[in-house]
Amino acid sequence: MNNIVIIGLQWGDEGKGKVVDYLSENADVVVRFQGGNNAGHTIVIDDEVYKLNLLPSAVLRAGKISIIGNGVALDPYALISEIESLKIKRMNIDPHNLMISESCPLVLSVHKEKEKLFENLNKNYKIGTTNKGIGPCYEDKVGRRAIRLCDLEDADELNKRLDTLLNYHNTIRKGLSCRVIKKEKILREIKEIAEKILPYRKPVWKILGNLVKEGKKIIFEGAQGTFLDIDHGTYPFVTSSNTIVSQAMTGSGLSSNAYVIGVVKAYTTRVGNGPFPTEQKNEIGNSLFTIGKELGTVSNRKRRCGWLDAVLVRQAVQLSGVSGIVLTKLDVLDSLDKIKICTGYQYSGKMYDYLSASHSIQEELEPIYEEFPGWKKSTRGEKLAEKLPINLVKYIRRVEELVGIPIHLISTGPKREDIIKLKDFEFSEGVFVSY
């Protein structure tokens, strides 16, 4: 098994980017397989902060191949801006180390306008989107009217597809008494970016197949988290793509078994509206927000904070067949006297050991907690397992028991090197080994 999938087991913001960056040292390729620039990964290297939205985390390591798969909603303007900002920091990015699937649907200005329009219409029931146009782009993909990267090379095909796209969007805009969008405007936008983005266009599915035959080690990097999944998340307060492990194959074109690593924050956060059973609207929540610096990488919105929800994590583990966990931001809990973990829910006199799909039930769930004594000792930047406080070790072991799989790594700070191996695992002789 040379393939590893990294996914978030909560509502995103678990620290996946840092984990991918850490593991990519021993990998050859990193593939982004879903989402768009509505997601963000923050990585700290030698006190330099890098914020990635579309680019796979491997771009920060020399000699690695980064791939954007067909499952990504690609904003070409945002991507080129991201590439240029990294080049200023002397990062080498070119078509030899960055490849983009020719099947990627493109996010255009018409998508961003539609998203803002419908969020404003839903005044009292907003989803809380980032207004990046990701949802409307995926709508057009499923509706078979999207503009894909490969369409930019053929002027006749592009004209036909734009007619189909604008017939749909302008019909809606007329119904809402909004000005129609002229094809010439979109054509100008596309022409401005086409020559910059087309050199990266590749048949990604074919390239990945060849890389597998060569025995290359591949990491699949997910965006957002399990409970933002369009099918399995807290619908309708979810993202517009599938965020669980099966999407790694669909969103890249590679059919293969993989070792699945789930990333879990030591407490729980989510951005935007939607159910959150363990949310702490009190001093504890404020403390987690302040110490954890919980602002969205993309939206800069305040993240809601609460206790670790082991029910959610256990459910996410089953949905994606997760084999091992990376537990992040443990140092944020260092100063707390008491720490809680949610082990179940109660609703209308009934016990739940899973998150129901019913939105009305989700909103009314009462968490059942186990309480643990805090360790009251700084672990920030700690790199040795034997120096961890005993109460922290007990907390980690209990999390393992509750979710049913081992914790391989823990993160004790924002820097690349702030990682402790608890159960060793590595790429070895072309096989991913856990022992």
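This passage walks through the packing, the charged pairs and some backbone oddities of a predicted model.

The inside of the protein is a good place to start. In general, nonpolar side chains in soluble globular proteins tend to be buried together. Here the largest nonpolar core has 65 residues, and the members that touch the most others are L9, I67, F220, L330, L333 and Y395. Helix α12, spanning residues 390-403, gives this core its largest share, with 7 residues. Besides this there is a second, separate core of 39 residues, with L60, I100, I193 and I197 among its members. Back in the largest core, Y395 shows what the packing looks like from one residue's point of view. Leaving out residues up to four places away in sequence, Y395 touches A266, L308, L330, L333, I339, I341 and W375. Two of those partners, L330 and L333, are themselves on the list of residues that touch the most other core members.

Helix α4 (residues 134-142) has its own set of buried residues, namely I134, G135, P136, C137, Y138 and D140. They pack against two other helices, α3 (109-121) and α5. One of these buried residues, D140, also carries a charge partner: its side chain meets that of R145 in a salt bridge, with N and O 2.5 Å apart. Both ends of this pair, R145 and D140, are buried. Right after the helix, the backbone does something a bit unusual, as R144 takes a positive phi of about 65°. A little further along, R161 forms a salt bridge with D151, and the closest N and O atoms are 3.5 Å apart. That bridge ties together distant parts of the chain, with R161 in helix α5 and D151 in the loop between α4 and α5, 10 residues apart. D151 counts as buried because its relative accessible area is 5%, under the 20% cut-off.

Those two bridges belong to a longer list, since the structure holds 24 salt bridges in total. As a general point, side chains of opposite charge can pair when their charged atoms come close. Another pair is D21 with R61, whose side chains meet at 3.6 Å, N to O. This one also links distant parts of the chain, 40 residues apart: D21 belongs to helix α1 (residues 16-23), and R61 to the loop between β4 (48-52) and β5 (65-68). Neither end is out in the open, as both D21 and R61 are buried.

Salt bridges also come as a network, and D13, K265, E294, R303 and K329 are linked in one. T269 is worth a look alongside that network. This threonine sits in strand β10, residues 268-270, and is classed as buried because its relative accessibility is 2%. The side chain of T269 makes a polar contact, at 3.0 Å, with the side chain of K265, which is itself one of the network residues. Setting aside neighbours within four places in sequence, T269 is in contact with W11, G12, D13, F276, E294, R303, R304 and C305. Among these contacts, D13, E294 and R303 are network members too.

Over on the surface, F118, L121 and L176 form a nonpolar patch with about 230 Å² of accessible area together. L176 comes from the loop between α5 (155-175) and α6 (183-197). At 31% relative accessibility, L176 is partly exposed, so it falls between the buried cut-off of 20% and the exposed cut-off of 50%.

Finally, a few backbone features in loops deserve a mention. R90 has a positive phi of about 70°, although it is not a glycine. This arginine is in the loop between α2 (76-88) and β6 (98-101), and it counts as exposed because its relative accessible area is 81%. S348 is another non-glycine residue with a positive phi, here about 50°. The loop that holds S348 runs between β14 (338-347) and β15 (350-352), and S348 is exposed too, with 70% relative accessible area. The peptide bond from Y235 to P236 is cis, with omega near 5°. P236 lies in a loop as well, between β8 (218-221) and α8 (246-250).

Notes: Residues are numbered from 1 along each chain as its sequence is written. This is a predicted model: local features need pLDDT of at least 70, side-chain atom pairs count only at pLDDT 80 or more; totals for chains, interfaces and linings use all residues. Side-chain values use heavy atoms; hydrogens and water are left out. Patches are made of residues with over 30% relative accessible area and no salt bridge: like charges are joined within 9 Å, nonpolar side chains (Val, Leu, Ile, Met, Phe, Trp, Tyr) within 5 Å. Accessible areas come from the Shrake-Rupley method with a 1.4 Å probe; for residues, only the protein chains shown count as cover. A salt bridge is a side-chain nitrogen of Lys or Arg within 4 Å of a carboxyl oxygen of Asp or Glu. Helices (H or I, at least four residues) and strands (E, at least two) are DSSP runs, numbered from the N terminus. Buried means under 20% relative accessible area, exposed over 50%, partly exposed in between (1.4 Å probe, protein chains only). A polar contact is a pair of N or O atoms within 3.5 Å; within protein, one must be able to donate a hydrogen and the other to accept it, and residues adjacent in sequence count only if both atoms are side-chain atoms. Contact means heavy atoms within 4.5 Å. A nonpolar core is a set of buried Ala, Val, Leu, Ile, Met, Phe, Trp, Tyr and Cys residues joined through side-chain atoms within 4.5 Å.
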